[in-house]
Structures are given as C-alpha cells and as structure tokens.
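This report goes through one protein chain, from the packing of its helices to a few single residues in its loops. The sequence and the structure come before the discussion.

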Amino acid sequence: MNDQARKTKMIAAFEERFGAAPELWSRAPGRVDLMGSHTDYNMGFVMTMTVDRDTWIAARPRDDGKVAIASLNVAGGGEFDLAHITPAEDAPWTNYVRGVAWALQQAGIQNLVGFDGLVHSTIPFGSGLSSSAALEIATAVMFQLTGDFELDPVEMALLAQKAENDFVGVNCGILDQYSSAMGQAASALLLDCRDLSSHPVPIASGLNVVICDTRAQRNLAGSEYGERRTQCEEGVRLLQAFYPDIRALRDVSLPQFAAHEQALPEVVAKRCRFVIEENQRVLDLAEILPYGDATALSELFAASWAGARDLYEISAPAMEAMMKAMLSAPGVIAARQAGAGFGGCMVALVGDGAIDDFARHVAAVYQADTGIHPSVYAVVAAAGAGVVEA
Ligand code: ADP
Ligand code: MG
C-alpha cells in the first residue's frame with residue numbers, strides 16, 4: 001500500500017468512526033539494531049536504524065479536554081479525560097497513548113489539547129521493531145500539533161520512555177524511543193545511551209538491510225529481560241569492589257573485566273562479558289559500516305550472535321533455525337539477532353540484486369525446519385518522527 005492509499009483508507013475509517021475528516025497527521029518509525037543487543041540499559045552504545053515501517057495518527061482536535069483513540073490494527077479503542085488520566089479498563093493498548101499524555105503533564109505541560117485520533121501502523125507488534133515506541137512518539141508529536149508547545153526530540157524520547165516505564169509498566173531502555181524520534185533517512189545512528197548523543201553513520205552502498213521475522217511466540221521475553229537487567233546490575237555492584245568509579249558496564253573495558261571476571265558468579269560473568277564485548281562491537285561497526293568490508297561485517301555479526309546465544313542466552317530454537325536459513329542463503333553478507341531476542345526479528349545484510357533470492361531461500365529453509373512461515377523483507381533507513389508528508 002503506498003502512502004496515498006494508506007491515507008485514503010485512514011480518512012475513510014476516521015470519518016466512519018468520528019463523523020468528520022481528520023485535520024492533523026503525525027508519524028513515527030520503527031527501528032532495528034544493527035549492533036548493540038541489551039547495551040542500552042547498560043549505558044552503552046547501539047547502532048540503530050529507523051526503518052520504512054511506521055505508525056501514523058490521523059486526528060481532529062477537540063475542545064472538551066478529552067482524547068478518543070482507535071486503531072486500525074487492534075480492535076477496541078477508548079476515551080479518556082486529560083484532567084484525570086487513568087489506565088485503560090479495556091483496550092490496554094490505549095495505555096501507550098494515555099501514558100504519553102500523563103508523562104507530558106508530569107513534565108509540566110498542562111495545556112494539552114485533546115483529539116479524536118485514529119492509529120495505523122505497518123510495524124509488526126512485539127517482534128522487536130519497536131511498535132510501542134512508534135505509537136508513543138507519534139502520540140507525542142500529535143499533542144505538539146494540537147497544543148502549543150514544542151519538545152526537543154531527545155526530551156520527547158525520554159518522556160515516551162517514562163510513559164512506557166511508569167504508566168504502561170514496561171521497564172524498557174531509551175533505545176526504541178530515541179531512535180523513533182531521532183532517526184535519519186539513509187544512514188544508521190551511533191547512539192550513546194549515557195549522554196544521549198548520536199551521530200549518523202553512512203551505510204556503504206551494496207549493503208541491504210533485510211529483516212527476518214521468526215514470527216515465533218516470545219513468551220518469556222518479559223521476565224527474562226528483567227532478569228538480564230538485574231544480572232548486569234549485580235555485575236556492576238561486584239566490579240565496583242575493584243573499580244569504585246564505575247556506574248555501569250559501559251565503564252568497564254575488556255582487560256579490566258578479564259582481570260576480575262573470576263570474582264563474579266559464573267552466570268553474571270557471562271552476561272557482563274557479552275555486554276562489554278557487544279559495546280565494543282558497536283564501535284567497531286561504526287568504523288566498518290561506511291566501507292562495507294564483507295569479511296569484517298560477517299565476523300562482527302557472527303560474534304554478536306554467538307555471544308547472544310552462549311553468553312547472554314537470549315536465543316530461542318526459532319532464532320537458531322533462522323540463523324541457519326540466513327547464513328545459507330544466496331547474497332548473505334552478515335546475520336545476527338535484533339531487538340531483545342527470545343524470538344522476534346533477526347537482521348541480515350544482503351548484497352545488491354540478491355534480496356529476492358535471499359528471501360525465498362530463507363522462507364523455504366526456515367519453514368521446512370520450524371513449520372512457521374516467516375516474514376522476510378528489506379528495509380531502508382527512514383527519517384525520524386514528524387508530520388506525515390504524503
Ligand atoms: P514492540 O515494541 O517490539 O513491537 P511491545 O510489546 O513493546 O513490542 O509493544 C507492542 C504493543 O504496542 C502492542 O501489543 C500494542 O499494545 C501496542 N501497539 C503498538 N502499535 C499499535 C497500534 N498501531 N495500534 C494499537 N496498539 C499498538
Ligand atoms: Mg516495545
């Protein structure tokens with residue numbers, strides 16, 4: 001569906017639901033990490049790329065201080081009063097919208113203007129491309145359009161993260177919201193999760209980013225994610241006995257870590273080693289990505305995957321099957337996990353002219369192995385959140 005067809009479809013649905021045409025349009029993209037699994041909450045680096053899959057909100061301002069929100073992706077919507085924002089009783093997905101309104105108010109923005117809003121997204125849910133952050137950021141942009149305030153995009157990302165952490169109740173890092181707000185067309189972003197600075201990293205021509213969605217259930221993702229965070233925190237606490245100044249795994253070099261690795265419980269040591277190595281791989285990728293050295297890319301991605309599987313243990317049988325399918329496919333240059341792991345999407349770099357053959361091969365091999373039909377598609381780096389241009 002092209003942008004015009006998408007807009008036409010949303011206008012028709014909006015009119016049917018709200019009885020008039022929408023006046024304002026916001027959008028926010030999903031994203032994929034090219035390197036940097038679980039480094040964000042360790043205050044480290046991530047190579048992130050916004051993708052040309054995004055969430056749009058069409059809206060009409062209201063003058064009664066209320067927000068009514070519906071989605072073309074999920075049944076059921078809701079209405080809430082900006083003067084008294086409560087969690088949704090049904091349609092829990094509306095909590096992402098409520099949470100952003102709440103977080104904006106917490107930040108001192110008291111003159112929010114309500115709206116009738118309709119959401120439509122081309123980002124798959126729960127597979128690691130950050131549909132939740134895109135919904136939050138698109139909501140924040142919409143409140144900017146209806147109200148009379150302007151937020152710096154980094155501040156917007158922090159408020160969206162606060163909404164997800166404290167209103168929705170998901171303990172996510174800053175990566176997703178930051179990427180959606182700050183992404184750039186035609187390049188990846190090297191993000192420093194400590195000082196929230198970033199700079200664009202060009203992607204060499206001849207490298208195509210292909211998403212390979214395992215479409216496998218991610219049952220354990222929530223509890224395992226929390227456990228990994230706790231293990232990293234324990235690692236920092238124990239390493240502080242040797243390096244009192246460290247505040248996060250980001251502050252520990254590999255030689256420093258190796259000198260005291262034995263003092264940590266085995267599992268904690270494995271988790272910490274992965275994060276410290278993965279952080280370095282992000283910096284290494286920043287050097288390689290603009291030039292596209294295939295051997296170096298392949299080795300770096302392979303090391304990230306091996307660490308995710310053996311040290312951080314965020315793999316799943318579906319991910320193993322997907323790696324096998326990706327690495328045996330024509331045109332593959334490099335392949336690894338994406339997002340938090342435990343299923344969800346993986347990511348490959350594929351050479352020019354090979355995307356269709358790559359996708360066909362991956363789908364056939366993965367399906368033969370798992371019985372699940374995967375979703376395989378190329379993405380390009382898209383601009384961060386803003387107004388729908390179409
Ligand atoms: P991810 O962010 O990796 O896609 P999450 O579990 O963090 O996965 O967020 C997915 C949830 O976000 C969905 O289950 C839904 O509640 C909400 N969501 C995202 N996009 C939309 C949308 N377009 N319409 C309704 N709900 C959405
Ligand atoms: Mg999310």
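Is the crossing of helix 3 and helix 4 left-handed or right-handed? In this predicted model, the crossing of these two helices is right-handed.

**Helix packing**

Helix 3 covers residues 131-146 and helix 4 covers residues 153-168; their axes lie 10 Å apart and make an angle of about 120°. Angles of 65 to 115 degrees would count as roughly perpendicular and those over 145 as roughly antiparallel, and helix 3 and helix 4 are therefore oblique to each other. On the helix 3 side, the contact is made by Ser-132, Ala-133, Glu-136, Ile-137, Ala-140, Val-141 and Gln-144. Helix 4 contributes Met-156, Ala-157, Ala-160 and Glu-164. Sorted by class, the contact of helix 3 with helix 4 holds seven nonpolar, two polar and two charged residues.

Helix 3 also packs against helix 2, with axes that come within 9 Å and cross at roughly 50°. Helix 2 and helix 3 are likewise oblique to each other, and their crossing is right-handed. From helix 2, the residues in this contact are Tyr-96, Val-97, Val-100, Ala-101 and Leu-104. From helix 3, they are Ser-132, Leu-135, Glu-136, Thr-139, Ala-140 and Phe-143. The classes here are eight nonpolar, two polar and one charged. Ser-132, Glu-136 and Ala-140 of helix 3 appear in the contact with helix 4 and also in the contact with helix 2.

**Domains**

The chain is divided into domain 1, residues 3-201, and domain 2, residues 203-379. Taken over C-alpha atoms, the domain centres are separated by 26 Å. How many residues of domain 1 are in contact with domain 2? There are 34, and they meet 40 residues of domain 2.

**Residues in loops**

Four loop residues are set out below with their relative accessible areas.

| Residue | Relative accessible area | State |
|---|---|---|
| Asp-90 | 56% | exposed |
| Arg-215 | 51% | exposed |
| Phe-342 | 8% | buried |
| Gly-36 | 3% | buried |

Gly-36 sits in the loop between strand 1 (24-35) and strand 2 (45-61). Buried means under 20% relative accessible area, so Gly-36, at 3%, counts as buried. Apart from neighbours within four places in sequence, Gly-36 is in contact with Phe-45, Val-46, Glu-278, Val-282 and Arg-336. The C-alpha atoms of Gly-36 and Asn-279 are separated by 6.3 Å, although the two residues are 243 residues apart along the chain.

Asp-90 belongs to the loop that runs between strand 4 (78-81) and helix 2 (95-106). The C-alpha atom of Asp-90 is separated by 27 Å from that of Gly-147, with their positions 57 residues apart along the chain.

The other two residues in the table share a feature of the backbone. Most residues other than glycine have a negative phi. Arg-215, however, has a positive phi, near 50°. Arg-215 is part of the loop between strand 8 (208-213) and helix 6 (221-239). Phe-342 also has a positive phi, near 60°. The loop that holds Phe-342 joins strand 9 (332-337) and strand 10 (345-350). Arg-215 is exposed, whereas Phe-342 is buried.

Conventions
Residues are numbered from 1 along each chain as its sequence is written. Chains are lettered from A and ligands numbered from 1 in the order in which they are written. This is a predicted model: local features need pLDDT of at least 70, side-chain atom pairs count only at pLDDT 80 or more; totals for chains, interfaces and linings use all residues. Side-chain values use heavy atoms; hydrogens and water are left out. Helices (H or I, at least four residues) and strands (E, at least two) are DSSP runs, numbered from the N terminus. Buried means under 20% relative accessible area, exposed over 50%, partly exposed in between (1.4 Å probe, protein chains only). Axes are lines fitted to C-alpha atoms, for helices over the stretch in contact, and angles run from 0 to 180 degrees between N-to-C directions. Angles under 35 degrees count as roughly parallel, over 145 as roughly antiparallel, 65 to 115 as roughly perpendicular and the rest as oblique. A crossing is left-handed if the near helix is turned anticlockwise from the far one by less than a right angle, and right-handed if clockwise. Contact means heavy atoms within 4.5 Å. Ala, Val, Leu, Ile, Met, Phe, Trp, Tyr, Cys and Pro count as nonpolar, Asp, Glu, Lys and Arg as charged, and the others, Gly among them, as polar. Domain bounds come from an automatic or database domain assignment.
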